[in-house]
Amino acid sequence: MKRKRCEMEETTKKKKMTEIGSAIEELSLLSIAKTTIVSSETEATNIINHLPLKPLLSFCKLIVQVLDKIGPTMAVLRQDIDQNIQRLEKMWESDPLLYSNLVEILRIEAKEGSSRKPKSCSRAVLWLTRAMDFTLALLQRLVKDMSQNMEQAIEECYNLTIKPWHGWISSAAFKVALKLVPNNNTFINVLAGKDETHQMVQDDITSLISLLIPLLNQLHSILELYEVSKLKSP
């Protein structure tokens, strides 16, 4: 694992990473971490028992940077992501060894009966997962049609992934901010690195999608296991 991490870090030094490139790197490292830890356990097939927390939070921070490219429309979602990251980081800082595993956090809260409380870490994981659902849906639409209307794409992705769980205040705020969405060409350009073509951005997005889908499948399975997957805004 250390050798693979060093190789990725060396690649990063050679080329300034875009937000999409950095996200690919973080998810790749997370995948390596999961594989390394699980393969050393007695029940190697029970991968749902472990999901490293810190690499996941690093990836979520990169999602914030991608959403920033969309502009003020994402302010509500961005603030929510930040707060949930901070809540989980605070939990980790209280005992880095015990809380290095996201699944252990959900297991402990379920045992204590605190999973459904408004400020629980289980809810933080749930809303971070929904933010990733939104990001995945938007990236999939961009890959399918790089020329589509961004305002329509973002609204449809929001309606599909987050709106069913949002209160009316958050939904109304999103609707108002939707008018500030950049056009698709502007958005793709700000995602691109220096000298990157739209095709290169599209290839990077495709790579990110391939890494994000299995992560979200695992997260949804964990949330369902601990019966918090259907919680709405408190």
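User: How much of the protein is buried, out of its 234 residues?
Analyst: Keep in mind that this is a predicted model. A residue goes in the buried bin when its relative accessible area is under 20%. Of the 234 residues in the protein, the buried share is 48%.

User: What is it built from, helices or strands, and how many of each?
Analyst: Reading along the sequence gives α-α-α-α-α-α-α-α-α-α. There are zero strands in the protein, and the helix count is ten.

User: Where is confidence lowest and where is it highest?
Analyst: Overall, the mean pLDDT is 84, with 86% of residues at 70 or more. At the low end sits helix 1 (residues 2-14), with a mean of 47. Over residues 7-16 the pLDDT is below 50, and that stretch has eight contacts beyond near neighbours in sequence. The high end, at 95, is helix 5 (residues 102-112).

User: Which other stretch has pLDDT under 50, and how many contacts does the model have for it beyond four places in sequence?
Analyst: Look at residues 36-47, where pLDDT stays under 50. Beyond four places in sequence, the model's contact count for residues 36-47 is seven.

User: How is helix 3 oriented against helix 6?
Analyst: Helix 3 (residues 53-68) and helix 6 (residues 121-144) have axes 11 Å apart, at an angle of about 50°. That angle is why helix 3 counts as oblique to helix 6. As for handedness, their crossing is left-handed. So the orientation of helix 3 to helix 6 is oblique.

User: What classes of residue make the contact of helix 3 with helix 6?
Analyst: Helix 3 brings residues including Leu-56, Phe-59 and Ile-63, and these helix 3 residues meet Leu-128, Met-132, Phe-134 and Thr-135 in helix 6. By class, the contact has no charged residues, one polar and nine nonpolar.

User: What is the angle between helix 6 and helix 10, and how far apart are their axes?
Analyst: Helix 10 covers residues 198-225. Helix 6 passes helix 10 in a left-handed crossing. The angle is about 150°, and the axes are 9 Å apart.

User: How many charged residues are in the contact of helix 6 with helix 10?
Analyst: On the helix 6 side, the contact includes Val-125, Asp-133 and Leu-136, and on the helix 10 side Ile-205, Leu-212 and His-220 are among those taking part. By class there are 15 nonpolar and six polar residues, and the charged count is one.

User: What share of contacts between residues at least 6 apart in sequence join residues at least 24 apart?
Analyst: Take the contacts in the protein between residues at least 6 apart in sequence. The share joining residues at least 24 apart is 74%.

Terms used. Residues numbered from 1 in each chain as written. Predicted model: local features only at pLDDT ≥ 70, side-chain atom pairs only at ≥ 80, totals over all residues. Heavy atoms only, no water. Axes fitted to C-alpha atoms, helices over the stretch in contact; angles between N-to-C directions. Helix = DSSP H or I, 4+ residues; strand = E, 2+ residues; numbered from the N terminus. Parallel < 35°, antiparallel > 145°, perpendicular 65-115°, else oblique. Left-handed = near helix turned anticlockwise from the far one by under 90°. Contact = heavy atoms within 4.5 Å. Nonpolar A, V, L, I, M, F, W, Y, C, P; charged D, E, K, R; others polar. pLDDT = per-residue confidence, 0-100. Buried < 20%, exposed > 50% of the residue type's maximum accessible area, 1.4 Å probe, protein only.
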